[in-house]
Amino acid sequence: MKIVVVGGSGRIGEKLVYNLRQDDYRVLEASPSFGVNAVTGQGLEAAFDGASVVVDVTQSPSLDGDAAMAFFETAGRNILAAGKAAGVRHHVALSIVGTDRLQASGYFRAKKRQEDLLKDSGLPFSILRSTQFFEFISGVVQDGSAREVALSSARVQPIAAEDVAETLADIALSDPLNGTVEVAGPERFRLHELASEVLTAYEDPRRVTVDDDVPYFGARLDEASLLPDGFPRLAPTRFHDWLRASLQAPVPANNNRRKQG
């Protein structure tokens, strides 16, 4: 079985490709660095030839609403057209918990458009909505030089990126859901409290202040905006275990901050 990971060079894609190859699956990384461009369509036909499963973990280079919409609209249509032409039997896409509730944000409208294109494609599909990655929250908190970090007190149930990749692999190797499933970490926190723990762990002297009007990708958060609905799949990695491991990891050369990538 051939599995194509579109966005295979990104944070989740790289982990997913590695995990699938460890289990001896035939995996192709489809990203600009491997000669495949979902926006222009370059290389998609050849990449999808003979593929049974396509996993879309693409990310817009810009979080600006208009730019993100243009990216997900164009890339989504190209990926789906190539999938149909190749006879792909299962199309999996990674999205975000809370997308429906955060439509005041141009970025989340773009993610919703990506989901809707897939649902309307006629392809057998599965959509995985994930809560925020530990790595993403850590990167956002550490990025910047202001003396204070203002964040919402909204509740979050974040997850390790490795656990997201594991869940995607499980879904990709299963029958299509023709629906949406959510995955989240095992614990809930307040966003501002989690940020304080990250800064403390990295000996960052800045302090976190609570401001519930601070926009999140352009949308105002309420108490449960970022929480999963119903009964999500629960990942095993706890925040403090992840943080301890991240503190022990070597820091990349010329980059003493772990930023969102």
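Start with a side-chain pair: glutamine 132 and tyrosine 216 share a polar contact of 3.3 Å. Keep in mind that this is a predicted model.

Where does glutamine 132 sit? In the loop between β5, residues 125-130, and α5, residues 134-142. Buried or exposed? Its relative accessibility is 6%. The cut-off for buried is under 20%, so glutamine 132 counts as buried.

Now its surroundings. Leaving out residues up to four places away in sequence, glutamine 132 touches Ile96, Ile137, Val156, Pro158, Ile159, Tyr216 and Leu226. Tyr216 is the partner in that polar contact.

Ile137 takes us on to α5. This helix meets α7, residues 191-201. The two axes come within 10 Å and cross at roughly 75°. Angles of 65 to 115 degrees count as roughly perpendicular, so that is how α5 and α7 lie to each other. Who makes the contact? On the α5 side, Ile137, Ser138, Val141 and Gln142. On the α7 side, Leu191, Leu194, Ala195, Val198 and Leu199. Sort those residues by type and you get seven nonpolar, two polar and no charged.

Stay with Val198 for a moment. Valine 198 and histidine 240 are 42 residues apart in sequence. In space, their C-alpha atoms are 9.7 Å apart.

Last stop, histidine 240. It belongs to helix α8, residues 239-248. Its relative accessible area is 36%, so it is partly exposed. Which side chain does the histidine 240 side chain contact? That of glutamate 197, through a polar contact of 2.6 Å.

Note on methods:
Residues numbered from 1 in each chain as written. Predicted model: local features only at pLDDT ≥ 70, side-chain atom pairs only at ≥ 80, totals over all residues. Heavy atoms only, no water. Helix = DSSP H or I, 4+ residues; strand = E, 2+ residues; numbered from the N terminus. Buried < 20%, exposed > 50% of the residue type's maximum accessible area, 1.4 Å probe, protein only. Polar contact = N/O pair within 3.5 Å; in protein donor to acceptor, adjacent residues only side chain to side chain. Contact = heavy atoms within 4.5 Å. Axes fitted to C-alpha atoms, helices over the stretch in contact; angles between N-to-C directions. Parallel < 35°, antiparallel > 145°, perpendicular 65-115°, else oblique. Nonpolar A, V, L, I, M, F, W, Y, C, P; charged D, E, K, R; others polar.
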